[in-house]
Amino acid sequence: MSESSETLDAAQSGPEADQFVSELILGLERAADGESDPEIQSRLRGAAAILSTVGRNVTTDVAANIIVRMMDL
């Protein structure tokens, strides 16, 4: 296994990527709570729902890749 693969595995399994996704979901929910436009409020809640279910693994992988790239700088 290469050093990059090991770093990516560590980032994916570490709390940083998962914490980022949790904060993103919370931010979307808070934005929806503060939004007066029902259309935008609905879209924000929909995005939060997708990220908290099916999209969570994909979003966590994306966040992990970003963390790995930042570590390589």
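Leaving aside neighbours within four places in sequence, which residues is Leu28 in contact with? In this predicted model, the partners of Leu28 turn out to be Leu44, Ala47, Ala48 and Leu51.

Several of these names come back in the largest nonpolar core, a set of 7 residues: Val21, Ile25, Leu28, Ala32, Leu44, Ala48 and Leu51. Two elements, α2 (15–34) and α3 (38–52), each give two or more residues to this core. The largest share belongs to α2, with 4 residues.

Now for a look along α3. This helix has 15 residues and reaches 21 Å from its first C-alpha to its last, close to the 21 Å expected at 1.5 Å a residue. Leu44, Ala48 and Leu51 are its buried residues. They sit on the same side of α3, because the arc they cover around the axis is only 70°. Behind this is a simple bit of helix geometry: an α-helix has 3.6 residues a turn, so residues three or four places apart point the same way. Turned away from the buried side of α3 is a face that carries the exposed residues Pro38, Arg43 and Ile50. At the N-terminal end, α3 is capped by Asp37, which has a side-chain oxygen 2.8 Å from the backbone nitrogen of Glu39.

Further along the chain comes Thr59, placed in helix α4 (residues 55–72). Thr59 counts as buried because its relative accessible area is 14%, and the cut-off for buried is under 20%. Which residues does Thr59 touch, once its neighbours within four places in sequence are left aside? Thr59 is in contact with Val21, Leu24 and Leu51; of these, Val21 and Leu51 are also members of the largest nonpolar core.

Conventions. Residues numbered from 1 in each chain as written. Predicted model: local features only at pLDDT ≥ 70, side-chain atom pairs only at ≥ 80, totals over all residues. Heavy atoms only, no water. Core = buried A, V, L, I, M, F, W, Y, C linked by side-chain atoms within 4.5 Å. Buried < 20%, exposed > 50% of the residue type's maximum accessible area, 1.4 Å probe, protein only. Contact = heavy atoms within 4.5 Å. Expected span 1.5 Å × (residues − 1). Arc of directions from axis to C-beta. Polar contact = N/O pair within 3.5 Å; in protein donor to acceptor, adjacent residues only side chain to side chain.
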